[in-house]
Amino acid sequence: MSLEPDVVTVNVTSEIDAAEARQEARRLALRHGFTTVRAHGLATAVSELAMNLVLHTDRGGLIRLTAQDATGAAVIELVAEDNGPGIPDLALAMEDGFSTRGGLGCGLPGTRRLVDTFAITSRVGEGTRIVCLVRRP
Amino acid sequence: MRVPILRLGRVLLTSLPADLTDQQVMDLQIDALALIQAGKADGLVIDITAADVVDSYMARILSETAKMVKIMGGVAVLAGMQPAVALTLVEMGRGMIDMETAFDLEGGVAKVARMVASRGGRHDEVPTT
Ligand SMILES: Nc1ncnc2c1ncn2[C@@H]1O[C@H](COP(=O)(O)OP(=O)(O)O)[C@@H](O)[C@H]1O
Ligand SMILES: [Mg+2]
């Protein structure tokens, strides 16, 4: 157990980067004592947010994972941020089935259900930032 | 590199690699559909044992492929879903994957045979259940 935060950053512009980000996420979660199922859930959330960087922005963005251990517990923060086009209607984007690119439209709502805390901020023409937390008791 | 498709009797088998690319997906769909259209197969079993995650992007690809196979008169079955994958899919939202599933390749092949037989297809090996 370490009190230093364990940080992994992946610059995501392609599908390959998205695959790397989700593999890093799984390894980080396992390293900090999360169960296989929780690690898989985090990896899937990372995959969704990373694929959104690939599909919905021109130049991609950043995935940053920070794990912090405490006595008998751990928390991982997942940040996805970009300087892309932004999301004009956040409530709509968070609805199941809403997609501007013919996707399934369950990436954002699905991610929210997979994590313990989910926050999204976006400004049209400036970018989008999503912060999630997953905890291990 | 194309994802290989094996033929077992009248059933096509394919295993998706962890790092599946868009191009590979398209090639796979074209190859499978061509075999079904040519009357060489009744169905397709897609094994996802190796897939590290099934996100909504992958889910869409799988459902789409199943739909195409169905339109061509065949049946598609998904096999080898790991428990963690299944649990995550349920948590993310029901109905993400719209296709038949089986526990493993063997079960997938049996399911294809059963489905083809039950709709009066040309599969001659009807497994008894
Ligand atoms: N990083 C982003 N930048 C701009 N728009 C985004 C971003 N992420 C998501 N969106 C918008 O939100 C919509 C819903 O996203 P999501 O739920 O992941 O579904 P999908 O990716 O299948 O379209 C997208 O179609 C897109 O319009
Ligand atoms: Mg998405």
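This short talk walks through one sheet of chain B and the helices beside it. What you have in front of you is a predicted model.

I start with the sheet. It is open and has five strands, in the order β1-β2-β3-β4-β5 of chain B, and the pairing is mixed. At the edges are β1, residues 6-8, and β5, residues 100-102, each of which pairs on one side only. On average, neighbouring strands of this sheet are turned by 30 degrees against each other, direction ignored.

Now the pairings around β2 of chain B. In which sense do β1(B) and β2(B) pair? They pair in the antiparallel sense, over three bridges. Within this pairing, B:Leu8 has B:Val11 of β2(B) as its bridge partner. The two strands make a hairpin with two residues between them, and in the turn B:Gly9 has a positive phi of about 60 degrees.

With β3 of chain B, residues 43-47, strand β2, residues 11-15, pairs in the parallel sense over five bridges. Here B:Val11 is opposite B:Gly43, and B:Leu12 is opposite B:Leu44.

Is β2(B) enclosed or open to the outside? Four of its five residues are buried, so the strand is largely enclosed by the rest of the structure. Take B:Thr14, which lies in this strand. B:Thr14 has a relative accessible area of 2% and is therefore buried, the cut-off being under 20%. What surrounds B:Thr14, leaving aside neighbours within four places in sequence? Its contacts are B:Val3, B:Pro4, B:Ile5, B:Leu28, B:Leu44, B:Val45, B:Ile46 and B:Asp47.

Next, the helices. Helix α1 of chain B, residues 22-37, packs on the sheet and touches β1, β2 and β3 of chain B; its direction makes about 170 degrees with that of β2(B).

Helix α1(B) also packs with α2(B), residues 56-71, at an angle of about 15 degrees, the axes being 10 Å apart. Why are the two helices called roughly parallel? Because the angle of about 15 degrees falls under 35 degrees, α1(B) and α2(B) count as roughly parallel to each other. The crossing of α1(B) past α2(B) is right-handed.

Which residues make this contact? From α1(B) there are B:Asp22, B:Val25, B:Gln29, B:Leu33 and B:Ile36; from α2(B) there are B:Tyr57, B:Ile61, B:Glu64, B:Thr65, B:Met68 and B:Val69. By type, the residues in the contact of α1(B) with α2(B) are seven nonpolar, two polar and two charged.

Conventions. Residues are numbered from 1 along each chain as its sequence is written. Chains are lettered from A and ligands numbered from 1 in the order in which they are written. This is a predicted model: local features need pLDDT of at least 70, side-chain atom pairs count only at pLDDT 80 or more; totals for chains, interfaces and linings use all residues. Side-chain values use heavy atoms; hydrogens and water are left out. Two strands pair if DSSP finds at least two bridges between them. Axes are lines fitted to C-alpha atoms, for helices over the stretch in contact, and angles run from 0 to 180 degrees between N-to-C directions. Contact means heavy atoms within 4.5 Å. Angles under 35 degrees count as roughly parallel, over 145 as roughly antiparallel, 65 to 115 as roughly perpendicular and the rest as oblique. A crossing is left-handed if the near helix is turned anticlockwise from the far one by less than a right angle, and right-handed if clockwise. Ala, Val, Leu, Ile, Met, Phe, Trp, Tyr, Cys and Pro count as nonpolar, Asp, Glu, Lys and Arg as charged, and the others, Gly among them, as polar. Buried means under 20% relative accessible area, exposed over 50%, partly exposed in between (1.4 Å probe, protein chains only).
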